[in-house]
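This briefing looks at how a ligand is held by its protein and at a few points of backbone geometry. Please read it alongside the sequence and the structure shown here.

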Amino acid sequence: MKLYYSPLACSLADHIALREAGMAFEAERVDLRTFRTAGGEDFARINPKKYVPALILDDGTMITENLAVLDWIAGETPALQIGGAMGRTRVIEALTYITTEIHRAYKPMWHAGSAADKARAGDTVLRLMQPLSDGLQGDYLFGATPSVADFYLFVMLLWADRFALDLPLPLLGLRERMKARPAVQAAMAAEGIG
Ligand SMILES: N[C@@H](CCC(=O)N[C@@H](CS)C(=O)NCC(=O)O)C(=O)O
């Protein structure tokens, strides 16, 4: 199995999930300015969408879209699943909110835009974070153990740090708990991020 990633991109969520799941995989870095892989390949020929993450399974099947990749990893890994009849639905609900609302709201901050656009985007991100902060069910989104939605949220919380956004205390706590996890530390070290 191979994960195509870029350091501190949303693919870090998948990188963490694979390590938390204890799956055997290799990770290949993609330069998102040139769309060349670390091995010198044209990434567009691997994933024509030109986005990370892309996960290639051992039989050659490719999964793209963060929500789908994370759902696949969780589906293979009972320890990462949230129990109960609504467990998977709740995780997909959170993943959808993170990808379509929070991740999307960050885009003006990563790409060229005016200072006013970036400030507005920061306010939007913080407004969108609030329901997740208010709804924490324990140390993580759904209780005492993290789900794949926590891994994606964690990346969004690292981005908040990158753009000096003033996060609510419960989310700062979640970010610190995530940072203390060995799989998170290993994924961040492998991506060369502090
Ligand atoms: N729809 C994709 C979007 C993923 C995405 O935005 N990936 C970013 C990194 S966080 C990327 O590869 N950007 C490349 C670009 O914008 O050219 C998904 O949900 O997986």
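In this predicted model, the ligand sits in the largest pocket. Its surroundings comprise 14 residues, the closest of which are Cys 10, Val 52, Glu 65, Asn 66 and Lys 107. The notes below take up the shell around the ligand, the polar contacts, and then the backbone.

**Shell around the ligand**

- By residue class, the shell around the ligand divides into eight nonpolar, three polar and three charged residues.
- Both domains take part in the shell, since at least three residues are drawn from each of domain 1 (2–78 + 183–191) and domain 2 (82–181).
- Helix α4, which spans residues 87–110, supplies the largest share of the shell, namely three residues.

**Polar contacts and coverage**

- A nitrogen atom of the ligand lies 2.6 Å from a polar side-chain atom of Glu 65, a residue that is also listed among the closest to the ligand.
- With Asn 66 the partner is the backbone, as one of its polar backbone atoms is 2.8 Å from an oxygen atom of the ligand.
- An N or O atom in the side chain of Lys 107 is 3.1 Å from an oxygen atom of the ligand.
- On its own the ligand has 520 Å² of accessible area, and the protein covers 80% of that area.

**Backbone geometry**

- The peptide bond that runs from Val 52 to Pro 53 is cis, with omega near 5°, and Val 52 is itself one of the closest residues to the ligand.
- Pro 53 has its place in the loop between α2 (43–46) and β4 (54–56).
- Leu 8, which is found in the loop between β1 (2–5) and α1 (11–21), has a phi near 65°, a positive value in a residue other than glycine.
- Ala 164, in the loop between α6 (148–162) and α7 (169–179), likewise has a positive phi although it is not glycine, with a value near 55°.

Note on methods. Residues are numbered from 1 along each chain as its sequence is written. This is a predicted model: local features need pLDDT of at least 70, side-chain atom pairs count only at pLDDT 80 or more; totals for chains, interfaces and linings use all residues. Side-chain values use heavy atoms; hydrogens and water are left out. A residue is near a molecule or strand if one of its heavy atoms lies within 4 Å of it. A polar contact is a pair of N or O atoms within 3.5 Å; within protein, one must be able to donate a hydrogen and the other to accept it, and residues adjacent in sequence count only if both atoms are side-chain atoms. Accessible areas come from the Shrake-Rupley method with a 1.4 Å probe; for residues, only the protein chains shown count as cover. On a 1 Å grid over the protein atoms alone, a cavity is a set of points where a 1.4 Å probe fits but cannot get out, and a pocket is an open set with protein on both sides within 12 Å along at least five of seven lines; lining residues have an atom within 4 Å of a point. A molecule sits in a cavity or pocket if more than half of its atoms lie within 2 Å of its grid points. Helices (H or I, at least four residues) and strands (E, at least two) are DSSP runs, numbered from the N terminus. Ala, Val, Leu, Ile, Met, Phe, Trp, Tyr, Cys and Pro count as nonpolar, Asp, Glu, Lys and Arg as charged, and the others, Gly among them, as polar. Domain bounds come from an automatic or database domain assignment.
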